[in-house]
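This report covers a ligand site, a pocket, an aromatic pair and some backbone features. Please keep the model open while reading.

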Amino acid sequence: MYRDYTCGELRIANVGQKVTLAGWVQRSRKLGGMTFIDLRDRYGITQLVVEADADASLVETATSLGREFVIQAVGEVVERQSKNPKMPTGDIEIKLEKINVLNKSVTPPFTIEDESDGGEDIRAKFRYLDLRRNPLQSALALRHRMAHEVRNYLDSKGFMEIETPYLIKSTPEGARDFVVPSRMNPGQFYALPQSPQTFKQLLMVAGYDRYFQIVRCFRDEDLRADRQPEFTQIDCEMSFVEQEDVLNMFEGMMRTLFKNVLDVEIKDPLPRMSWYDAMDNYGSDKPDIRFGMELKEITSLAHGHGFGVFDACDYVGAIAVPGCAGYTRKQTDELTEWVKRPQVGAGGMVWIKWQEDGSFKSSVDKFFAPEDLQAIAGQCGAAAGDLILVLCGEKRKTQNRLGVLRIEMGNRLGLRKPFDFAPLWVVDFPLLEWSEEDGRFYAMHHPFTAPKPEHEKWFYSDKKEDLERVCANAYDFVLNGTELGGGSIRIHNADMQERMFEVLGISKEEADYKFGFIINAFKFGAPPHGGLAFGFDRVCALFGGQETIRDYIAFPKNNQGRDVMIDSPSQIDEAQMKELFLSSTL
Ligand code: ASP
């Protein structure tokens, strides 16, 4: 061994011991005749000191050390004159007798400290250096701990971790597949799995009634904020279960993670909210329930006052923002511009101030008398001092925009503290979603989700309105406005699965070509089953109090899906192309 202690380990009790440490030189500085070196490894930093009267060659070596040199240091643990209470090793230092330079380093392109001076791009290019930094090391340590807890919990409940293949068949439904050419099968391609969905269901058919896997998934999506083309799921499936059983099992898992990793107690049982209530009251299927400011429908109060914009809309909704009646004209104008940005997409915004003195002021004073505004404020559950923000338009779209505005106001008012945790289940999702553009239904979760048994009558109807009413036993685990996981009770019957593809406008031939294997498997005694998957990167990020998943992945891609460290994706040479029967049209 090159060391007998780590750089985070020595304390006052070790004073007098002769020790050998190894690590990276974070910094070295001269003070008087003495040289101080901060030696770092992933456990911490220990201060080394070379006295002015030390052996000349030792002084010379100490002086020659540059940042990120790897050294082995031998010396005696001594009590520090001036202690550093901020460092766990801050009571001691090592009085050096010997330094072995194990490897030199060129000057790193940015400082490897908690706060680095390097921009994002340069840190991504030298990710292995960025990973030496404390914040990233604690993020990955947290991830490791979480994975360990997940495995422990699921193992204790009888789940088996089973790997499923990465080279599978392309069946895009939702995101695009990444494809891999097959050299041995000219002109044919594998796809990388968007999730192990069909395989875990086949494992249920095979009798492995409690399966899990911490598994990589691949989706070729445009990378909107905080997505990665490859990401990790805690993927789970159970046989002979109903929705209640799945929710209890995984509520238990999340409760254990909160307790064991963060020492946080979450509500028992967790709140549950129907998808319809989430949309109506929060304008989102992933509501942040840490604060109120719920959406209120005011359509009937808004109609009939001669304000054409409201009269023309089938939905008018509002939120009451507490204590913001003092907003200036400039602030309300700025907010109006904010909701009109394409990311939110509102046509405009009406505001009503219920001022502290009880009077009303609004951007629609011409059309609404104070009593009318009072009635609206009452409907919104507002109080004097509140600012009421109103949007109108098509119902679900407007609710969605109000939901985005609600989150923004929550942020502005500091109501979304990272370490306040308010998880819940969103349940009773519609099974299907109609796309006007494509003139067809899409599965809201995925095509393997079963309709609620009591809604089956509508599922077999040919009327669009009936199909729109069908709900699924589908559920999402939501935390602080983020969907952390989701799943459903599945179809386990071949006829029903075929009907599902028919409803989705997938022809029998296409369904057989793409999904014949699973329809067939269901003919061989498939048990009732259901499951879910959690987005592991995101669970880790939220547990770490962060919104971005990038720090919780050792080697992430950038927004263009590139790994700038290894410079990928990249071209392959002609010979490789030929071997794979590929030619480029570029
Ligand atoms: N495979 C699903 C997904 O990736 C999760 C599930 O239904 O279990 O969203």
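## Backbone features

Where is the place of Pro569? Pro569 sits in the loop between helix H17 (536-543) and helix H18 (574-579). Helices (H or I, at least four residues) and strands (E, at least two) are DSSP runs, numbered from the N terminus. The bond joining Ser568 and Pro569 is a cis peptide bond, with omega about 5°.

This is a predicted model: local features need pLDDT of at least 70, side-chain atom pairs count only at pLDDT 80 or more, and totals for chains, interfaces and linings use all residues. Residues are numbered from 1 along each chain as its sequence is written, and side-chain values use heavy atoms, with hydrogens and water left out.

A cis peptide bond also runs from Asp268 to Pro269, with omega near -5°. Pro269 lies in the loop between H6 and strand S11 (272-274). Asp263 is in the loop between H6 and S11. Its phi is near 55°, a positive value in a residue other than glycine.

## Ligand site

Residues around the ligand (a heavy atom within 4 Å of it) include Ser195, Lys200, Gln233, His445, His446 and Leu532. The shell has two nonpolar, seven polar and three charged residues. Here Ala, Val, Leu, Ile, Met, Phe, Trp, Tyr, Cys and Pro count as nonpolar, Asp, Glu, Lys and Arg as charged, and the others, Gly among them, as polar.

Polar contacts are pairs of N or O atoms within 3.5 Å; within protein, one must be able to donate a hydrogen and the other to accept it, and residues adjacent in sequence count only if both atoms are side-chain atoms. A polar side-chain atom of Gln197 is 2.7 Å from a ligand nitrogen. A side-chain N or O atom of Arg219 is 3.0 Å from a ligand oxygen. For Arg490, a polar side-chain atom lies 2.7 Å from an oxygen atom of the ligand. Helix H5 (197-205), strand S21 (482-489) and strand S22 (529-535) each give two or more residues to the shell.

## Aromatic pairs

The whole structure holds 21 aromatic pairs. Rings of Phe, Tyr and Trp (its six-membered ring) pair if their centres lie within 6.5 Å; planes under 30 degrees apart count as stacked, over 60 as edge-to-face and the rest as tilted. Phe250 and Phe534 have ring centres 6.3 Å apart and planes at 50°, so this pair is tilted. Phe250 is in helix H6 (residues 243-262) and Phe534 in strand S22, 284 residues apart.
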